[in-house]
Every structure is written in C-alpha cells, then in structure tokens.
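User: I would like to go through this model step by step, with short reasoning for each point. Please finish each answer on the value or name I ask for.

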Amino acid sequence: MTVQGTNSAIRVGASILRDYLVLVMIAALVALTALIEPKFLSPENLTNIMFQFGPLMMVALGTTFVIIGGFIDLSIAGTINLVAVVTISLIQPMGQVPALLTGLATGTVCGALNSVLILSSGALTQAEALFMTFGLSTVYSAIALLYSHGSTMHFWDITASKSIFQAIGSGSLGFLSWSFVIFLISLAALWVFQEMTAEGRAVRLTGGNKTAARLAGVRISRSIVVIYAIGGFMAALGAIVLFSRVTTASPVIGVGYETNAILAVVVGGTTLKGGKGSVLRTVMGVLLVVLMSNCLNLLGVSTYLQVVAEGAILTFAIWLDNRKHM
Amino acid sequence: MNGTGKGATLYKILTKQKALIAILVMLIGMLFSHSNFYSAFNLLQMLSSTSILLILAFGVTLTIIAGGCDLSIGGIMVVAGIVSIKLMNAGMPMGLAIFLAILFGTVVGFVNGFLAVHQKTEPFIITLGIGLLLTGVAQQLTNAHPVPAQNPSFMMIGNGYFHGVPNLVIIMLVLFALTYWLMRYTEFGRNLYAIGGDYEVARYSGIDVIRTKWLAFVISGTMAALAGVLLSSELNTGSAVYGETTALVVNCGVVVGGTSFAGGIGGIPQSALGLLVFGLLGNSMNMLNISSYFQIMLQGAVIVAIIWLDSYAQKRKREAV
Amino acid sequence: MDSGGSEVILSIKDVCKSFPGVKALDKVSIDVKRAMVHGIVGENGAGKSTLMKILSGVYEKDSGTVVFDGQQIEHTTPQQSMQRGLAIIYQELNLVNTMSVGENVLLGRFREMKGMRGTHAKARELLDRIGSKIGTTRLVSELSVSEKQMVEIAKALSFESKLIIMDEPSSSLTAEEMCELVKIIQQLKDQGISIIYISHKLDEIFEFCDNVSVMRDGRVIDTKPKSEFTRNELIMQMVGREIENEYPERPQRVGEVLMEVRSINTRKLHDVSFSLHKGEILGFVGLVGAGRTEIVRALFGADRVRGHQVLIEGKPTPILNPRDAIGAGFGFIPEDRKLQGLVLPFSVESNISMASFRKFTRLGFLRKSIEKEIGTRQVKALSVKTPSTKVPVVNLSGGNQQKCIVGRWLEISPSILIMDEPTKGIDVGAKYEIYMLMKDIAERGGAIILISSELPEVLNMSNRVLTVFEGRITGEFDPKVTSADKIMSAALGFDGECS
C-alpha cells in the first residue's frame, strides 16, 4: 500500500510538473538569458518583446478555440496575407476606420468560409480539416497576390490619415503599447467566452465528443462556425497589428504564422485531442515561443536555426501531449 | 434518399474515378486550345516535370494506405537535395554523396515511424512538425540562398536522356513498377492494406503491425530523399524554397487518385493518376499563359474540392442507413 | 458420463480471474472432448466472455491451469493460440472490410501462400470444405453477417484448428442462416473438430450440443451431456434465483396514444409505422442489425432520414435533427455509452447538464450555480456513486455512468425516452435501479421505447413488444400473454424448423 501511495504521489507530482512545465521553462529561460545576456532585462528589450509577441499572440488566441473544438486551421497564413493587403490598400480610398472594419470582416468571412466547407462535406476529423484549410490558405494567398499584383505596399505611400495604425504599430498608452492593450482586451473577451458563455461550453463539448454532444442537442455545427470565425477574426487582428508594426504589407506577410500558432497553443498545453485547454495556456505558450526566439536572437543564433528549434519544440510538444492524453 | 438510379451511378463514378475524369476533361479541353500541348515534346516534358512529384507520391501512398500520412516529405526532399550538393561541392564522390543524402531520408523516415507508429502520435500533425524542423535545417544549411552544384555529371542525372526518354521519367517508371510490385505482390504490401483497413484485426491476425507500418514511413522518407536528390540534379541547385507546399500537394494528390485517408484502399497506379492531375493542370495552365498567381489559386481550389469530395463520400458511407 | 471414451482436447482446471472489485471467474473447470460440440450457457455477465478471452490470450488468468491438446498453456497470445489450433470467432467479427474474402481468410500469410493466386486457391479450398459458395475475390464489406461468419470459420480452418470457439454466433443470424450454421457445425464435428458454442439461447443448445456447461456469477454450476438436462433444470441453473425479483412490475397506467410514426423508409428500413401510448414501455425485439437502432435513430433525427411522418398528440412534428427531437419532448440514451453518450473527460455535472443548457443560461451566459444544482439534484435523485459532481465521468463505474445519462434526460422531463441497450455492461444491482427508473418515468405519464438484446429484459419490462426483422416490423405482441418463443420466431423472420 505504501509503495502504491508513494507511486501515486510521484505520479501526481509528475502530472503537476507536466501541467506547469511551460511556466517552469519560461522561468528557466528568463533566468538563463538574463544571466548570459544582461541586456535581456533592459527596458528596451522588454518593450521590444511586448511589440514582438503581438501578432502571434492574436493569431494563437484565435487558434486555441479551433483546437479546443477538435479541429485545426492552416488557413491562417492565407487569411493574414489577404487581410493585410486588403486593409492597407483601403486606407487611402476609404479612410482608416472603414479599412480597419473591412479588414476584420474579411478575416471573419475567411474563417467562416472554412467552416462552411468543412461542415458541408461532413469532414469530422482533424486530418480532413487540416488539408482543407491548407487548400483554402493557398486560395486566400492567391487572392492576396492577385489583388496586390504581388507587390508590397508601404505606409509612406499613404497620404490619408493612418493614425490608428501608427498607434497600433508603435504607440503607447502609458507604459503599455497599444498592441498590448488590444491583446489584454482580446484575452479578457475570449476568456469570458471560454469560461462563462453557453457557446463557449458548446465548443468544449463539441471538441470533447462530437457525437455525444450532437445527440444531447448541442448545436455542433454552430460551434464549428463560431470557432473558425473567431480564428479568422483574430487572424485579421493579428494581421493588422503585424503590418502596423512593420509599416508594410506584402502578400506573403503571414507565412509561417499558422504553424507557429499551433506550436504556441500546443506548447501551452491545450491538447490536440480537443475539449480541453485555455486561452491562458496559449498566452504561456506564445510567451515561451517569443522569449525563446528573443533569447536566441540575443545569443546571436541565426533565424534559420530558430526555425529548427521551433520545429523541434513543436514535435516534442505534440509527442508529450499525446503521451499525456493516451 | 433512395440512392438508386442513374444519379447514384453517376455519383459513384464521379467519386471513384475523379482523377481519371479530371484528366480526361483537361485532355479534351486542351484539344481546343490551339497550343503546343499535344506535341510529343510537351507531353514528355510534362511527364518529366511531374516525375519528382510522382516519386514522392509513391512513398506517401504506402503511409496513407496504412492509415497514416507523411507531411514531412517536403522537408526531407529539400534537405536531401541540399545535402547531396553540399557534400559533392566539398569534394565527396557523387555516388557516396547521393547515398548519404538518401540515407538521411531513411533516418528521418525512421524517426517519423517511431513517433507516428511506435508512439502512436497523430501522424499528420507530427510529420508536419518534422517538416517544419527540416525546413529550418534547409534554410540553415543554405543560409536561405540556392546552392549551385559544381559537378556537371550530377546535372546529367536529372536532365539527361536515355534513348530519347528523359532519365527522370525512366527512374520514375522503375520506382512505379517497384512500389506497385511491393504493394500488390508482397506480403509486406498486403499487410499494409490490412493494417490500414483494420488495425486491430491485422494485429490479432499475427501481423507485426508496428514494424510493418513503421517500415512504410521509412520507405516514404527514403523515396522523398531520392526525389530531393533528383530535383536538385534537375535544377542543378539545392534550395530551401521548393519544399514548402510540396508535402501537402503530394498528400492531396494521392487522395485524388482514390487512396483515402481512412486507410486500406487505393494503390500506386491510383496515386500516379492523382498526381498527373496536378502535373497536367500546371502544364495546361502554362500552355494557356495563365498567370502564376491564378495558377496558385486554381491549385488551392482543386485541393479543397478534392478533400471536400473525399470527406463527402465518407460522410455518405457513414450515413448510408 | 459420456461412454464414447473420446479423449479430452481442452481441459480447464480451477481457473480464477479477478478485475478490480469483481471476481470474474471463480475456480472454473471444464473439459471439452474431441469432435464434440460443447455448449456453454449463462446470462450476460456470467463470465463466459472472460473465460474465452483467457483461452485466446487476450487476458492473463490469475491462477489455475489450461491444457490444450496435451500442452499446458501459459502466457499465450491470440496468434499463438490460433497457431496451436484454437480459434475464436467473436461476436464482433474480426475481418478487414476493405479486403477480399480470400485475403481475409489467410490474413498475414501471403508469403506462405505463395502470392495472390495461392491465397485465393487455398481460401477456395477452405470455403469448399464448409460448403460455402462465397467468391473469394469479393470484398468483405459487401457480405452479409452470416457470410462473414463463414469467412471466419474458413479462417479458423486455415490454422488446422482442433477447437473452434463460437461466441454468440446466432445473435445476428436469421433463421435460415442459422440452419446453414448448424449444418456447418455438424460437418466440422465430422472432420474431428471440437466446438465450444457459447449462447444464452436454450433452443440452440438443445438442438446440437453434445455436452453443456452452465455458468453463473463466474462459476461453472454444472457440466453434463445434453440428454441429462431438462429445459427447466437448465433455466433454473442459469438464473439461479427466483426470476420474479429481477424485474419490477410493469408500469400500470397506459393511457391514450401519445405519438404516431408513419412510414420510415431508408435503405435499411421498410415502411416502419407504429404508435406509442402515454405511460407505456414499448419494447423492440430483433436480431442485432435487424434495424432496431436505425428506427430509433431515425425517429430522434440522429440519421438523415426524410419522408416519414411523426405525429405527437395528433400534431405533425417534423424532426430533422436531435435538437428538434429534444424540443418535441424526446430523450435518447444511445447504444454506446462511451462513444455516443458521454464526454468522458468532462465532469459528472457537465455531462448531466448537457441537454438542459436553456435552464442555466441567461443571455448566452452560463449560470454555474444553477448548473451545479442540476448536477447535485440528479446525482442525489439517481443515487449516482461519485465523490463529487466535479469528478470526470470516466472515473465512474458503468452503471453510474449510465445513470448520469439518464439524469441528463430526467432533468428536462422528456415525454418520450428512447433507451437503446440501457443495461449493457452494468451490474445486476444497477440494472434493477435502472428498471425502477423506467417504471417511474412511465408511471408519471412518460413513454419509453426500449431496445435490448436481452430478451427477458424486454419481455418483463414492456407493456407491448414490436418485433423487427430485416428492417420491417413483423409483429406486435403483448408479452404478458404471448410466449417468448412466439415473439422470438417473429423476430427471426419465420418459425420454420431447419430443412
């Protein structure tokens, strides 16, 4: 009995450690980097990090629900490409507020379109969703290329007022950047959705067991539309934050975001098996990914090796996720 | 809902033979195009340029029939190509360089198999991760710039002809025959079908399911590396950019042919047809001077349509009450 | 005992097996003789399946010995026992649907058969041995259940089996197909092969078994030649206690017509029409795969079915999906608790509250205190054994899990509750509690549609029974006055003897 007791204590301890592995890793990473490179904790670098994680954070927050709902979204890259070129091109003719709204609407529509195609085909598995959203990503990207004729658009070409975008890109409210404020608002809204609304619960149930949820009267089709629409909206928000920061929008600006978002979500501890997870975990995941890349930057590691590291962490995180939920 | 009559038959043909139908439609369409599409040169050229994709597809087919899939082939392909060129440029004999590059693919396939089969991780997502990792490796190796090959005889592998037929086509046909034989006439192949059809039944029947399915991933990785070597020979450069969408296109192409993600059905000839759809599509669009952006869009749309049809067919099967 | 002096092929001695909390097998001893058909009877949960799984190597026994063909068997695997000549044909058939008949018969032995041609030739030979005409190149997915069973038997023969165990082979066979099976069993016996035939249908046992063992509560009660058993004795031994205590009395207050269903037609169902009364338990009896589940799924809107008519209290009520059904007053307890009923990693509370969102949401926001009340109320009302309502439902026992699903529906007080195999895999005590709940629901004016593969359950609980055969309703009976035999033969399609 005592052996069993110790065993289970160890198991509980191990599971807690695994659950908060991200936090431990973040702490370790911060400590290590600060030790090697004191510049890491300088105000400039911290501000830099704050701006750096904006776009990925938005995108990953949206992707969280798609994954909690038991699906996956590779169309994010295409959505970002499209939203970025559409929004930036409309500032001049339409004014910045309509441009902003059109951009957000475009992203939401792209997301909803994913779900409509998935639902109409009756695709229920992650694999089917993965391939279908990949195809759609290609389509969205191609539309972005056709729309922009493949050229990059710059802020300095815009003579109309673009104050909102400039504020998002580099402005601050007190010591917080505007993009950080947007992040806080989005996080709060999505957390409320996740924890306190009926639809948030329906999404979880859908991810937990689609068949059982449907037979209990849960509107799983609506949940699927909602998760992809949120995914698209947040991708659009991410696109806007992104091009505002770099002050240019190219039709390939979003490449890599889809995998990085999945990476952040899974690293944070939301399981790919659906049903479980949280936007708060995703925040951790994004923090870890961004801190790691910042740390590698400071240490002078090439960006290409960073991709290698990301791939390795993604693979490891997926493997760990699978072990945890076997 | 009474699924009888002509409508149902037509539907069955459409879903089962979608690749063949798509090819026929394109071939007929091109009759009216007043282009050089039907010249022997163009057709051979098309076959040659599709060969690499076909070789990738033959390997991937094994994993999909076994109930998995392999999205790391794009990464394996580019890294293997770069490795072979870099090794040769560093003075290694061509044969050894190629051998090592292909061996690299075998090793990655082995790792894929370990994760996806032995550890039972969802194959599509884990191979996607490995693919991402390899893309990083490729960029690191090349510093994101193409690496030209300095060995002229290497270039001849991918660009030479044998009795008027491009080498690539010949290699592709040999691999076609080999994998076809493997899947059709060997116990390994038949066991893969059984594993994809019903994993548990295969296990209870005494098939070493893990080793067999694992081997499918190893073969897929090896063939992807071979395709990578051929691609870098054809282009005479090694570059990190070609691999980005290749993996997804090839996996989709295999499904177009009629090999389903559900596992257990399909085959090498079907995959060949499926990939020919993409080859033919690209070639026809080039012949018709369609803009490259529009080509990308069409390719994406075709993928969506195919996966949609595959899912819909499975839904129909599920709902056949 | 048997004077034939035939030697023993399989000897099971004092085999015990425990699972956490349950003693599944308690000193089980059975001897099976060569070229004999040995029947094992017992109710569900008597330990028959556990014993078979130990023989095949799926489970490891705790103690005791198994001697097969003179060899003591320890730590075996399914493949090893098959190669030794002990084959099992499970209820859920073990065939690869996407492959051909021939390849299935010789699965995993392609090289041994020297390729495709050899495989098909050998399969043909084996099928011929049992007089089956199934083409070896046909896909298994196109075969009927009985044809699949033939393929399984051929597969068993391919290992030169000395003993074939058939686990409830008749549960999805029509009467005609059953006759075929009897002939084949006779042929196998003539070829010197022993058969263990597991069933809970006494007719079959009396028809062709040589020896019979009765199992109950993990023990072998008796083993004798068939001729020494009387029917009543067998039943007594199987049940072991007064049958009256197993079921509560049927609900008493059957009222006027509540629902009328008119002409459900699908590929599998043909012109299914029936009515349901208030306060009634309506039982569906039929073979597995006869269409019972399909009927209720169609009714509940779980499958895409169009063109039928449902009238509730005389009003046409279109039901296109489960939501419509729930709105119209239906509740549905699906066949497969784990795959279709529960969200296993979720809490007891959220599994119970799943169907009553409307009760605890306001303006789209959850009111968790009310949800908690719902959970607590149902856990208490159904005496679900759980440390708290926040525990993941996966940690509960089968019976308590099922109660959570019942509670889910009780919370919205449905007027029609569909129960598909509600007592599958749950222990006797919990079963009785479920029966009491059913009675309670009916007596409060609700109506229940009950599907169960356990005939006594349907016959003892229902006010009225409909038999389903090959997608058609073939009869309507009052189980109080009709014999079980008569109902069963209607469910088997005809009441003929084997020709």
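User: How many residues does each of chains A and B bring to their contact?

Analyst: This is a predicted model, and the contact is counted on C-beta atoms that lie within 7 Å of each other. On that basis chain A contributes 35 residues and chain B contributes 37 residues.

User: Which element gives the most to the side of chain B that touches chain A?

Analyst: Elements that give two or more residues to this side are α6 (123–142), α12 (246–257) and α14 (292–318) of chain B. By class, this side of chain B holds 23 nonpolar, 11 polar and three charged residues. With 14 residues, the element that gives the most is α14(B).

User: Which elements of chain A each supply at least two residues of the side that touches chain C?

Analyst: In this contact, 19 residues of chain A meet 21 residues of chain C. The side of chain A divides into eight nonpolar, six polar and five charged residues. The elements that each supply at least two residues are α9 (198–208) and α10 (210–215) of chain A.

User: Why is chain C called as compact as a globular protein of its length?

Analyst: Chain C has 17 helices and 22 strands, and its C-alpha trace spans about 75 × 50 × 45 Å along the principal axes. Of its 499 residues, 47% count as buried. The globule rule gives 23 Å for 499 residues, and chain C is close to this, so it is as compact as a globular protein of that length, with a radius of gyration of 24 Å.

User: What share of the contacts in chain C between residues at least 6 apart in sequence join residues at least 24 apart?

Analyst: A contact here requires C-beta atoms within 7 Å. Among the contacts of chain C between residues at least 6 apart in sequence, the share that joins residues at least 24 apart is 67%.

User: How many residues of domain 2 of chain C are in contact with domain 1 of chain C?

Analyst: The domain assignment places domain 1 at 8–243 and domain 2 at 246–491 of chain C, and their C-alpha centres lie 33 Å apart. The side of domain 1 that touches domain 2 has two nonpolar, three polar and no charged residues. Five residues of domain 1 are in contact with domain 2, whose own contribution is six residues.

User: Which strands stand at the edges of the open sheet of six strands in chain C?

Analyst: The order of this sheet in chain C is β6-β7-β8-β3-β9-β10, with mixed pairing. Neighbouring strands are turned by 15° against each other on average, direction ignored. Two strands of chain C each have a single partner strand, so one side of each is left without a neighbour in the sheet: β6 (86–89) and β10 (219–225).

User: What is the bridge partner of H38(C) in β9(C)?

Analyst: Strand β3 (residues 37–41) and strand β9 (residues 211–216) of chain C run parallel and are joined by four bridges. In β9(C), the partner of H38(C) is N211(C).

User: What angle does helix α6 of chain C make with β8(C)?

Analyst: Helix α1 (residues 48–56) of chain C lies across β3, β6, β7, β8 and β9 of chain C, at about 145° to β7(C). Helix α6 (residues 175–190) of chain C also packs on the sheet, touching β3, β7 and β8 of chain C. The direction of α6(C) makes with that of β8(C) an angle of about 150°.

User: Are the faces of β13(C) covered or uncovered?

Analyst: Strand β13 (residues 281–286) of chain C has six of its six residues buried. In a regular strand the side chains alternate between the two faces of the sheet. I281(C), G283(C) and V285(C) are buried on one side, and L282(C), F284(C) and G286(C) on the other, so both faces are covered.

User: Which residue of β21(C) stands opposite F284(C)?

Analyst: β13(C) pairs in the parallel sense with strand β20 (residues 447–451) of chain C over four bridges, where the bridge partner of F284(C) is I451(C). β13(C) also pairs in the parallel sense with strand β21 (residues 464–469) of chain C, over five bridges. In β21(C), the residue opposite F284(C) is L466(C).

User: Is H149(A) buried or exposed?

Analyst: H149(A) lies in the loop between α6 (126–148) and β1 (153–154) of chain A, and its phi is near 55°, a positive value in a residue other than glycine. A residue counts as exposed if 12 or fewer other C-beta atoms lie within 10 Å of its own. H149(A) has 10 such atoms, so this residue is exposed.

Notes
Residues numbered from 1 in each chain as written. Chains lettered and ligands numbered in written order. Predicted model: local features only at pLDDT ≥ 70, side-chain atom pairs only at ≥ 80, totals over all residues. Pairing = 2+ DSSP bridges. Axes fitted to C-alpha atoms, helices over the stretch in contact; angles between N-to-C directions. Contact = placed C-beta atoms within 7 Å. Nonpolar A, V, L, I, M, F, W, Y, C, P; charged D, E, K, R; others polar. Rg over C-alpha atoms; globule rule 2.2 N^0.38 Å. Buried ≥ 20, exposed ≤ 12 C-beta atoms within 10 Å, placed from the backbone. Domains from an automatic or database assignment.
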